[in-house]
Amino acid sequence: MDIYLRKIVCVLCALLLNARGSLAQLDVCGRPPLNTKIVGGENAGPGSWPWQVSFQTSGSHFCGGSLINQNWVLSAAHCFQSITAPKITIYLGMENLIDPNRSQRSTSNIIIHQEYNDDTLTNDIALVQLSSSVNLTDYVMPVCLAASRSSFPGGTNVWVTGWGKTSSTNLLLPQTLQEVQVPIVSNSKCKNAFTSGLVTDNMMCAGLAQEGKDICQGDSGGPLVVKFNGTWIQAGIVSFTSDKGCAVPGIPGVYTRVSKYQDWINSKISSNQPGFVTVSTGNRGSASLFCLFLSFSIIPFLLSL
């Protein structure tokens with residue numbers, strides 16, 4: 001009995017340490033049934049990334065975003081510097097920009113981080129409220145978000161999606177949602193690729209050393225996600241890339257680090273808060289120590305009763 005009780009408590013405490021946030025959202029976020037992604041590709045399949053949204057004005061896509069609950073979308077602050085909410089239409093649940101089955105909502109509110117700096121792109125994060133709640137389906141589903149104690153070491157493979165340009169010289173946007181797998185680049189290495197001080201701890205970087213895979217114009221605001229314990233979690237928001245162009249060798253894309261903004265997001269969304277999950281190899285050690293404490297202190301006490 002003693003051994004089984006210890007095991008049960010260890011499993012429960014590990015779950016508690018790795019899953020923080022709205023229990024309702026944690027039940028539904030980040031597990032799309034139509035995503036069977038194993039290796040890289042180009043065109044995304046229907047339902048592969050059901051949180052991906054397209055922000056459009058006058059029928060033209062200008063930025064991406066990710067659904068984080070039935071009423072809110074997470075995106076980048078720089079997307080909304082020259083446009084107001086009434087002019088923006090939000091499209092959800094689509095693989096193609098002209099998908100007839102897409103869901104559509106108008107925009108009722110845009111919340112830009114109060115310390116966003118348009119020159120340095122510091123705190124490049126925004127919350128966009130839908131005019132009405134969306135119904136969750138296999139094609140429309142929220143993504144989970146990286147919790148505040150998450151970490152993503154260099155070399156971690158992540159996925160980025162969007163309808164941005166496929167190259168710096170191609171002026172046309174792809175009609176089909178694009179996906180690309182790239183590795184995380186440590187902040188220490190990333191800082192060397194940009195002007196001193198431009199990349200901060202509130203940012204993260206991802207990209208290949210060689211040319212060919214990167215974010216580009218039109219991808220802004222879209223999600224960088226990682227699969228952890230069977231759940232897709234958003235770690236970054238597409239922010240900026242090199243002023244020399246897209247997919248420049250040795251210069252990774254830069255993303256807003258979502259885990260740094262858990263408190264800010266929760267302070268702006270008063271109900272049905274997004275599901276936050278802690279992603280960290282170090283956190284497993286913390287869980288083990290906590291379980292060890294329970295096993296050799298509290299459990300013996302319970303068994304003595």
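Buried means under 20% relative accessible area, and partly exposed lies between that value and 50%. The views below show a predicted model.

**View 1. The whole protein chain.** The chain has 305 residues, of which 51% count as buried. Its secondary structure comes to 5 helices and 15 strands. Among contacts with a separation of 6 or more, 71% join residues 24 or more positions apart. The chain exposes about 14,100 Å². Carbon and sulfur atoms supply 54% of that area.

**View 2. The edge-to-face pair of F62 and F80.** A search of the whole structure finds 7 aromatic pairs. In this one, the ring centres of F62 and F80 are 6.3 Å apart. The planes stand at 85°, so the pair is edge-to-face. F62 belongs to strand 3, while F80 sits in the loop between strand 4 and strand 5. The two are 18 residues apart, and the pair links distant parts of the chain. F80 has 5% relative accessibility, so F80 counts as buried. F62 has a relative accessible area of 21% and is partly exposed.

**View 3. The edge-to-face pair of F194 and F240.** Here the ring centres lie 5.7 Å apart, and the planes again make 85°, so F194 and F240 are edge-to-face. F194 is in the loop between helix 3 and strand 11. F240 is in strand 13, 46 residues from F194. Both rings come from buried residues: F194 has 13% relative accessibility, and F240 has 12%.

**View 4. A cluster of tryptophans.** Ring pairs link W49, W51, W159 and W232 into a cluster.

**View 5. Strand 14 between its partners.** Strand 14 covers residues 253-257. It pairs with strand 11 (residues 203-206) in the antiparallel sense, over 4 bridges. In this pairing, A206 stands opposite G253. Strand 14 also pairs with strand 13 (residues 231-240), again antiparallel and over 4 bridges. There, I237 has T256 as its bridge partner. Of the 5 residues of strand 14, 5 are buried, so the strand is largely enclosed by the rest of the structure.

**View 6. The largest nonpolar core.** This core holds 56 residues. F55, I68, L74, L127 and I265 touch the most other members. Several elements supply at least two residues each, including strand 2 (52-57), strand 3 (60-67), strand 5 (89-92) and helix 4 (262-268). Strand 7 gives the most, with 4 residues.

**View 7. The surroundings of I68.** Leaving aside neighbours within four places in sequence, I68 is in contact with V73, L74, L127, V143, L145, I265 and I269, among others. The contacts of I68 also include Q25, P142 and P274. Apart from the largest core lies another, of 21 residues. Among its members are A146, F152, V160 and Y255.

**View 8. The salt bridge of D201 and K191.** How many salt bridges does the count give? The count comes to 1. D201 forms it with K191, and the closest N and O atoms are 3.7 Å apart. K191 is in helix 3 (187-191), and D201 is in the loop between helix 3 and strand 11. The partners are 10 residues apart, so described as a link between distant parts of the chain. D201 is partly exposed, with a relative accessible area of 49%. K191 is also partly exposed, at 37% relative accessibility.

Terms used: Residues numbered from 1 in each chain as written. Predicted model: local features only at pLDDT ≥ 70, side-chain atom pairs only at ≥ 80, totals over all residues. Heavy atoms only, no water. Buried < 20%, exposed > 50% of the residue type's maximum accessible area, 1.4 Å probe, protein only. Pairing = 2+ DSSP bridges. Salt bridge = Lys/Arg side-chain N within 4 Å of Asp/Glu carboxyl O. Core = buried A, V, L, I, M, F, W, Y, C linked by side-chain atoms within 4.5 Å. Contact = heavy atoms within 4.5 Å. Areas by Shrake-Rupley, 256 points an atom, 1.4 Å probe, with all protein chains shown as cover. Phe/Tyr/Trp six-rings, centres within 6.5 Å; stacked < 30°, edge-to-face > 60°.
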